[in-house]
Amino acid sequence: MPELPEVETVLRGLRGCVVNCRITAVEILHPAIIAGPCQRFREGIQGREIAGLERRGKALALRLRASDGDEAGYLLLRLGMTGQVVIANHDVALAPHTHVRLMLNGGPKEIRYRDVRRFGSLRYCTRQEMEQVFGALGPDALEMTEREFRGRLNGRKGAIKGWLLNQKYIAGLGNIYADEALFEARIHPSTPADRVSSAQTKKLFEAVRHVLQKAVALQGTSFRDYVDIDGRPGNYLPRLKAYQRDGEPCPRCGALIRRMIIGGRSSHFCPRCQRRPTRYKTLGGHSVP
Ligand SMILES: [Zn+2]
């Protein structure tokens, strides 16, 4: 599932090739992928120029402008589980599960949205609607300060892993980078958020930034479907230390990485480097045999 580094990679790719392009034709091959009425979507974006790109967490938006230069709303993209945004020439055969094509400057270049599982969506938004969408999210995980991080963690009672995944506290992390950040900070994923010490909070804040920055530099992680706008997979996969490494030795201490279900999601951790707190009851975890 695309997380912050993958969405940032798509944003950087698009920034390099679609800014100042006009969307001259809109083809919707699978209407269910459009959030809201297709006609509103089409009218909102057709003929508009792409003025720039914005991102918060995993949400990506193309800022649109009218031919007179006035702002003209946003095209909001949510990649869901398997969404892909690629740039292709109009005459190149469509990959299966391509749902939307946006022709740029009369062709041949176009933006294609492809999504096998169709949990993603495209939506036309006014500025006000866009602000509501971004406003419902916490600060972006790459831009938040340590003070914001502490403030949002303060007093939370659930498992720290669930807190990291909750987009209203911190926007951008999914299962991959949450596990990697907890591994780097040596915190057990089922530790109650209000039992994470001040020193551990600092380590976790730094680990989140470090892991995300490194993943952005390597164009993200590709498990199944994620590719950049040229169709290339990310390069972070070999750098993963805990995520889906269960049964393999911890790169720090050699103990075997384990997997546990916490809040309905798989968590991967080193049982030796990431000690389960013993003084307090831990939350919601059970071992996977
Ligand atoms: Zn270890």
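**Exercise 1.** In this predicted model, determine in which sense β3 and strand β4 (residues 71–78) pair, and over how many bridges.

*Solution.* Begin with the two strands themselves: β3 and β4 pair in the antiparallel sense, and six bridges connect them. Next, take one pair of facing residues, where R63 stands opposite Y74 in β4. Finally, follow the chain through the hairpin of β3 and β4, which has five residues between the strands and in which G69 takes a positive phi near 90 degrees.

**Exercise 2.** Establish how many bridges join strand β2 (residues 49–56) to β3, and how many of the seven residues of β3 are buried.

*Solution.* The strands β2 and β3 run antiparallel and are joined by seven bridges, with R65 in β3 as the bridge partner of E49. Their hairpin has two residues between the strands, and G57 there takes a positive phi near 55 degrees. As for burial, strand β3 (residues 59–65) is mostly covered, since five of its seven residues are buried.

**Exercise 3.** Describe the pairing of β7 with strand β5 (residues 83–89) and with strand β6 (residues 98–104).

*Solution.* Consider β5 first: this strand pairs with β7 in the antiparallel sense over seven bridges, and the bridge partner of N89 is K109 in β7. Turning to β6, five bridges join this strand to β7, again in an antiparallel arrangement, and V100 stands opposite Y113 in β7. The hairpin formed by β6 and β7 has four residues between the strands, with N105 in the turn at a positive phi of about 50 degrees. To complete the description, strand β7 (residues 109–115) is mostly covered, with six of its seven residues buried.

Terms used:
Residues are numbered from 1 along each chain as its sequence is written. This is a predicted model: local features need pLDDT of at least 70, side-chain atom pairs count only at pLDDT 80 or more; totals for chains, interfaces and linings use all residues. A residue is buried if 20 or more other C-beta atoms lie within 10 Å of its own, exposed if 12 or fewer, and partly exposed in between; C-beta atoms are placed from the backbone. Two strands pair if DSSP finds at least two bridges between them.
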